[in-house]
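Q: Please take a close look at the salt bridges in this structure, and set them in the context of the strands and the rest of the chain. I would like one connected account rather than a list.

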Amino acid sequence: PFGLLLLALPALQGCVGVAVGGAAATGVAAAEERGIKNAANDKGIQLAINDKYLKDNQYVWRKLSVTVIEGRVLLTGVVGTEYSKDEATRLAWAASDRVQEVINEVQVTQEGGVGASASDTWITTQLRTKIATDKEIVDINYSIETVNGTVYLIGLAQNDAEIVKFTDHARTIKGVRKVVSHVWPKTDPRRRPG
């Protein structure tokens, strides 16, 4: 019996990691302005959209990033045709009846590649660092995507001043061409309780 327990120990350690990871995710969701219920709903929408892309259009699935905040879907990435951009929107709406809005910021261009991707990752990392160290910004409420030097923001701010401060941080980073904000203040009347 003791030998079996020792053999099972590595498998149990994986379970502990999953349990701790799940608890951490729940803790993060509880700290977010949108709350646990909305965070879970958003994750379900995101999974449904990615599943729809995977089944119906793998090109779109490979090329795009899907971010969901309170049913608002932000699509970012680069595709080669307007048809693919439009198809991304159509499939996102078709994936879940819980989608409230689809914000299609997909770029249609041949620009990009490994160099652009590395630069975009660097920009996002720099911005995450700046807002994490700014005590006037509740950074957990924001999602950041950078594509070809354009920074896309979505989330819930404490107030309009926080949105301005956040976008100002983004504008100061070398390599940022443009900042596009889809951030709402937490008091925005367009918010729908989950």
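A: D188 is buried in this predicted model, since its relative accessible area of 12% falls under the 20% cut-off for that class. Its side chain forms a salt bridge with R190, and the closest N and O atoms of this pair are 2.7 Å apart. Elsewhere, D134, E136 and K165 are joined into one network by salt bridges that share partners. As background, side chains of opposite charge can pair when their charged atoms come close. A search of the whole structure finds 9 salt bridges.

Another of these pairs is formed by E70 and R191, whose side chains meet in a salt bridge with an N to O distance of 2.5 Å. The pair links distant parts of the chain, because E70 sits in the loop between β1 and β2 while R191 belongs to the segment after β7, 121 residues apart. With a relative accessible area of 10%, E70 is buried, whereas R191, at 21% relative accessibility, counts as partly exposed.

The loop that holds E70 deserves a closer description. β1 and β2 make a hairpin with 2 residues between the strands, and E70 takes a positive phi near 50 degrees there. The pairing of β1 with strand β2 (residues 72-79) is antiparallel and runs over 6 bridges, with I69 standing opposite R72 in β2. Of the 6 residues of strand β1 (residues 64-69), 5 are buried, so this strand is largely enclosed by the rest of the structure.

R72 leads on to a further salt bridge, this time with E101, in which the closest N and O atoms are 3.1 Å apart. Because E101 lies in strand β3 (residues 101-104) and R72 in strand β2, this pair ties together parts that are 29 residues apart in sequence. R72 counts as buried at 4% relative accessibility, while E101, with a relative accessible area of 30%, is partly exposed.

Turning to another part of the chain, β5, β6 and β7 form an open sheet of 3 strands in that order, with mixed pairing. β5 (142-147) and β7 (178-185) stand at the edges of the sheet, each with a single partner strand, so one side of each is left without a neighbour in the sheet. On average, neighbouring strands of this sheet are turned by 10 degrees against each other when direction is ignored. β5 and strand β6 (residues 150-157) run antiparallel and are joined by 6 bridges, and S143 stands opposite I154 in β6. Helix α6 (residues 160-171) lies across β5, β6 and β7, and runs at about 160 degrees to β7.

As for the wider setting, the protein chain has 6 helices and 7 strands, and from the N terminus on its elements run α-α-α-β-β-α-β-β-α-β-β-α-β. Of its 194 residues, 41% count as buried, and the chain exposes about 10600 Å², of which carbon and sulfur atoms supply 58%. Among the contacts with a separation of 6 or more, 65% are made by residues 24 or more positions apart. The salt bridge of E70 with R191, 121 residues apart, is an example of a link between distant parts of the chain.

Technical notes:
Residues numbered from 1 in each chain as written. Predicted model: local features only at pLDDT ≥ 70, side-chain atom pairs only at ≥ 80, totals over all residues. Heavy atoms only, no water. Pairing = 2+ DSSP bridges. Helix = DSSP H or I, 4+ residues; strand = E, 2+ residues; numbered from the N terminus. Axes fitted to C-alpha atoms, helices over the stretch in contact; angles between N-to-C directions. Contact = heavy atoms within 4.5 Å. Buried < 20%, exposed > 50% of the residue type's maximum accessible area, 1.4 Å probe, protein only. Areas by Shrake-Rupley, 256 points an atom, 1.4 Å probe, with all protein chains shown as cover. Salt bridge = Lys/Arg side-chain N within 4 Å of Asp/Glu carboxyl O.
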